[in-house]
Amino acid sequence: MNDRDLLAERFEEHRGHLKAMAHRILGSSAEADDAVQEAWLRLERSEAGDIDNLGGWLTTVAGRVCLDLLRSRRSRYETHLPDPIVGEEGGDPEHNALIADSVGLALLVVLESLNPAERLAFVLHDMFGMPFEEIAPIVDRTPAATRKLASRARRRVRGAAPVPDPDPVAQRRVVDAFLTAARGGDLGGLVAILDPDVVLRTDGGSPSGMNVLRGVQEVAGPLGGFQRMATASVTRPALVNGTAGLINTVDGELFSIMSFTIIGE
């Protein structure tokens with residue numbers, strides 16, 4: 001095994017951590033892969049033998065790449081829903097709850113509203129336990145200023161990201177009721193399920209980005225769209241970012257993925 005193979009082997013030990021970190025910062029699986037790949041390329045070009053703490057070095061490099069990607073995205077005024085993480089129901093409940101807490105779509109959507117430095121400081125410290133002294137050089141701040149970034153982000157997240165019902169059975173019961181109402185064109189049933197302050201976010205991947213509807217009347221208004229989706233597609237239950245969701249296919253091709261945040265069931 002040559003030196004490059006040894007270096008690649010060492011890098012692979014950290015890939016999972018880097019991918020998880022980058023995905024939480026960026027909300028995009030493809031961009032997270034790009035950030036991890038860029039970290040590897042920079043490692044290849046470095047004097048790897050001089051790196052005492054490879055994990056810390058890679059985290060710093062990947063963090064800076066993520067920060068650059070966030071700033072570039074912000075400069076283009078792009079807003080898209082974070083990529084969903086789809087899994088099968090029936091797995092480890094504790095693992096599913098952990099995913100819902102750390103990469104729930106409601107949380108990731110709120111993270112999209114933070115500025116790049118706030119988002120990076122919050123994710124690295126609150127989700128990955130990285131000391132502010134190590135985060136500070138990534139965001140070009142002092143440790144004290146970095147602490148303030150994370151604190152400001154934390155307040156905004158706590159005030160805006162709803163805490164979902166942790167009971168998977170209760171989650172699925174509500175999602176099934178939503179699907180039944182949609183299939184039957186039952187406006188009253190749909191309104192009864194939705195919170196008065198419900199928010200619907202849709203993203204077809206278009207340059208125009210994310211569309212947002214707020215309030216039960218606006219969300220339930222396009223009932224015909226829900227009904228067409230529910231009757232024209234084949235729907236199967238799935239976990240989407242750790243909570244009950246739906247996968248819709250038409251002629252065997254993926255049509256849509258639906259994630260739900262259920263509170264106060």
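Colleague: Which residues of H7 are buried?

Modeller: This is a predicted model, in which local features need pLDDT of at least 70 and side-chain atom pairs count only at pLDDT 80 or more, while totals for chains, interfaces and linings use all residues. Residues are numbered from 1 along each chain as its sequence is written, and side-chain values use heavy atoms, with hydrogens and water left out. Helices (H or I, at least four residues) and strands (E, at least two) are DSSP runs numbered from the N terminus, and buried stands for under 20% relative accessible area, exposed for over 50% and partly exposed for what lies in between (1.4 Å probe, protein chains only). On that basis the buried residues of H7 are Phe 132, Ile 135, Ala 136, Ile 138 and Val 139.

Colleague: Within what arc do the buried residues of H7 fall, seen down the axis?

Modeller: An α-helix has 3.6 residues a turn, so residues three or four places apart point the same way. The arc is taken from the directions that run from the helix axis to the C-beta atoms. The buried residues of H7 line one face of the helix, because they fall within an arc of 165°.

Colleague: Which element gives the most residues to the largest nonpolar core?

Modeller: A nonpolar core is a set of buried Ala, Val, Leu, Ile, Met, Phe, Trp, Tyr and Cys residues joined through side-chain atoms within 4.5 Å. The largest one has 43 residues, and Phe 11, Ile 25, Leu 43, Leu 111, Leu 120 and Leu 124 touch the most other members. The elements giving two or more residues to this core include helix H1 (3–26), helix H2 (29–45), helix H6 (116–127) and helix H7 (132–139). The element that gives the most, with 8 residues, is H3.

Colleague: How many residues are in the other core, which lies apart from the largest one?

Modeller: In soluble globular proteins, nonpolar side chains tend to be buried together. In this model there is a second such set, lying apart from the largest core, and among its members are Ala 182, Val 198, Leu 246 and Phe 260. The number of residues in that other core is 21.

Colleague: Is Glu 118 buried or exposed, and which residues does Glu 118 touch beyond four places in sequence?

Modeller: Glu 118 lies in helix H6, and it counts as buried because its relative accessibility is 3%. Contact means heavy atoms within 4.5 Å. Not counting residues up to four places away in sequence, Glu 118 touches Leu 149, Arg 152, Ala 153 and Arg 156.

Colleague: What is the order of the strands in the open sheet?

Modeller: Two strands pair if DSSP finds at least two bridges between them. E4 is joined to strand E5 (residues 243–250) by 7 bridges, and E5 is joined to E6 by 6 bridges, with the strands antiparallel in both cases. The edge strands, each pairing on one side only, are E1 and strand E6 (253–259). The open sheet of 4 strands therefore has antiparallel pairing and the order E1-E4-E5-E6.

Colleague: How many of the 8 residues of E5 are buried?

Modeller: E5 has partners in two strands, since Leu 239 stands opposite Ala 244 in E5 and Asn 248 stands opposite Ser 256 in E6. E5 is largely enclosed by the rest of the structure, because the number of its 8 residues that are buried is 6.

Colleague: Which residue in the turn between E4 and E5 has a positive phi?

Modeller: E4 and E5 form a hairpin with 2 residues between them. The hairpin of E5 and E6 also has 2 residues between its strands, and there Asp 251 takes a positive phi near 55°. In the turn between E4 and E5, the residue with a positive phi, of about 55°, is Asn 241.

Colleague: Which backbone oxygen does the side chain of Ser 233 reach?

Modeller: Ser 233 lies in the loop between helix H12 (223–232) and strand E4 (234–240), and it is buried because its relative accessible area is 9%. Leaving out residues up to four places away in sequence, Ser 233 touches Arg 228, Asn 248, Thr 249 and Val 250. At 2.4 Å, its side chain reaches the backbone oxygen of Met 229.

Colleague: What distance separates the C-alpha atoms of Glu 88 and Gly 242?

Modeller: Glu 88 is placed in the loop between strand E1 (86–87) and helix H4 (93–103), and it is exposed because its relative accessible area is 55%. Neighbours within four places in sequence aside, Glu 88 is in contact with Arg 236 and Leu 239. Glu 88 and Gly 242 are 154 residues apart along the chain, yet their C-alpha atoms are separated by 9.4 Å.

Note on methods. Polar contact = N/O pair within 3.5 Å; in protein donor to acceptor, adjacent residues only side chain to side chain.
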